[in-house]
Amino acid sequence: MAYRYNENTFVVEIDHLDDRGAGRAYVPRENKKGKIKRQRVTIPYTLPGEKVKSTLVPPYRKKRARVDEIIESHPERIVARCPHFEHCGGCSWQHLTYDAQLEQKTNQVKRFLEEQGFNPSLVQGTMRANNPWHYRNKMEFTFGPDGSLGLHEKENFRNIISIETCLIARDDMVEATMEVADWAKEHQLPGYHKETHEGLLRHLMVRHSEATGEMMLALFATESPENIPASSDLVKRIEKKFPQVKSLMWLENSDIADRAQAEKSHVLLGRDFIFDELAGYRYRLWFDTFFQTNPVQAEKLVELAIEMGKPEKSEYMIDLFCGVGTFSLPFASRVRELVGIEIVETSIESAKRNAKDNEIMNTHFLAKDARHGLTEVIDTFGSPDLLLLDPPRSGAGGKVMRRIARSKPSRIVYVSCNPQTFAMDIKELVPFGYKLEKVQPVDLFPQTYHVELVALLTREL
């Protein structure tokens with residue numbers, strides 16, 4: 001169902017949600033030959049089955065539209081709690097009840113698996129979060145050219161939305177962020193301009209440990225704090241109001257690329273890391289350490305991986321894409337020997353240090369890319385009994401998956417943050433005799449379309 005008001009305005013029914021949680025509809029458009037054909041259009045913040053009046057927005061080649069009016073709403077539509085919703089890019093589903101969010105995530109995982117020929121009934125219902133609000137332990141904010149501090153505008157990366165609150169971050173993280181924003185404003189410190197490459201302040205990263213209560217503030221700037229007299233006032237303000245801040249960092253970054261990276265680091269207060277804990281193990285987190293951003297749900301991931309993998313004391317296993325050892329340490333306590341492979345050298349150094357801090361002595365960590373690292377480890381230690389992999393959103397890729405299959409582990413536990421690349425990856429295992437046994441989605445990111453999962457594959461002899 002669709003009809004036109006004019007060339008760019010339509011009344012349409014939302015057909016489905018796309019891979020980023022936005023509504024999709026088909027609208028009648030006139031082509032160059034004057035014929036009316038159906039064109040697929042993305043309409044953010046709409047839900048399946050809704051009837052909406054919408055208008056295409058330029059540039060028209062992107063085929064996106066805004067909502068002018070919701071004529072018939074979805075039964076699970078609610079009013080978003082955050083005043084910044086639909087403006088900042090942090091959340092995408094605050095307008096949908098939490099139960100409906102979980103259902104959408106389960107269906108998303110089923111759809112991707114079915115597209116690759118797997119049985120969708122193997123997918124369990126998405127495991128809910130105990131608290132779908134204030135769950136993030138890490139946030140990255142950006143300074144606008146005028147010195148304001150906030151989050152990127154949705155679909156407009158160059159524009160910064162000044163924030164008053166953030167309902168998916170902890171309250172004290174937001175309070176510390178607002179303190180830094182006030183400090184920058186009072187001292188009239190300019191933000192970095194992405195086009196002219198002028199200005200001082202670039203990003204603020206905030207980390208918090210729910211287990212230890214420690215917090216880190218990492219301020220990215222184009223100059224050294226030694227050149228900025230106001231930096232001493234920042235230290236005084238944070239020290240007075242936020243005693244839980246055990247690391248206040250000033251990180252120099254003069255590179256043109258808009259990334260939270262550092263050429264030189266300065267510790268303004270405390271140390272250059274904070275302590276965190278996960279599943280009973282202690283970790284050191286630096287500003288650039290990758291660590292799960294929802295610690296409560298991350299513990300469920302670890303528990304599920306152990307439950308599915310059933311590690312035994314007589315076994316040797318490989319943890320591929322091991323990072324700082326989030327899965328390595330809990331598994332190492334349950335197997336004879338564990339080897340972790342990770343391409344990021346700083347993560348490997350952290351993994352070694354974390355193993356030592358936790359008095360785990362049966363681990364070996366290798367800094368190498370997944371495919372060549374696998375070959376080296378198998379040549380040295382032999383084929384594993386159990387293999388766990390937790391790749392980035394892009395997945396492991398066909399070459400790595402086939403290398404895994406040729407090493408013939410009896411069980412493979414796949415932890416994924418992208419169900420689409422997960423389904424494509426595990427299809428590579430089927431010709432080698434592997435069978436998908438179970439898939440358990442876990443909601444680590446409520447109010448967004450993201451979903452993680454843990455899956456078990458076994459080798460049929």
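Q: By class, how many nonpolar, polar and charged residues does the lining of the second largest cavity have?
A: This is a predicted model, in which local features need pLDDT of at least 70 and side-chain atom pairs count only at pLDDT 80 or more, while totals for chains, interfaces and linings use all residues. Residues are numbered from 1 along each chain as its sequence is written, and side-chain values use heavy atoms, leaving out hydrogens and water. The second largest cavity (grid points at 1 Å spacing where a 1.4 Å probe fits but cannot get out, lining residues having an atom within 4 Å of a point) is lined by His134, Tyr135, Arg136, Asn137, Arg170, His208, Ser209, Glu210 and Pro295. With Tyr and Pro counted as nonpolar, Arg and Glu as charged, and His, Asn and Ser as polar, the lining has two nonpolar, four polar and three charged residues.

Q: Which residues that line the largest cavity are the closest to its centre?
A: The largest cavity has a volume of about 90 Å³, and the residues of its lining divide into nine nonpolar, four polar and no charged. Of the 13 residues that line the largest cavity, the closest to its centre are Cys82, Cys88, Cys91, Cys166 and Leu167.

Q: Are helix 2 and helix 3 roughly parallel or roughly antiparallel to each other?
A: The axes (lines fitted to C-alpha atoms over the stretch in contact, with angles from 0 to 180 degrees between N-to-C directions) of helix 2, residues 171-186, and helix 3, residues 231-241, come within 11 Å and cross at roughly 150 degrees. Angles over 145 degrees count as roughly antiparallel. The two helices, helix 2 and helix 3, are therefore roughly antiparallel.

Notes: Helices (H or I, at least four residues) and strands (E, at least two) are DSSP runs, numbered from the N terminus. Angles under 35 degrees count as roughly parallel, over 145 as roughly antiparallel, 65 to 115 as roughly perpendicular and the rest as oblique. On a 1 Å grid over the protein atoms alone, a cavity is a set of points where a 1.4 Å probe fits but cannot get out, and a pocket is an open set with protein on both sides within 12 Å along at least five of seven lines; lining residues have an atom within 4 Å of a point. Grid points are joined across faces, edges and corners, and a volume is the space filled by probe spheres set on the points.
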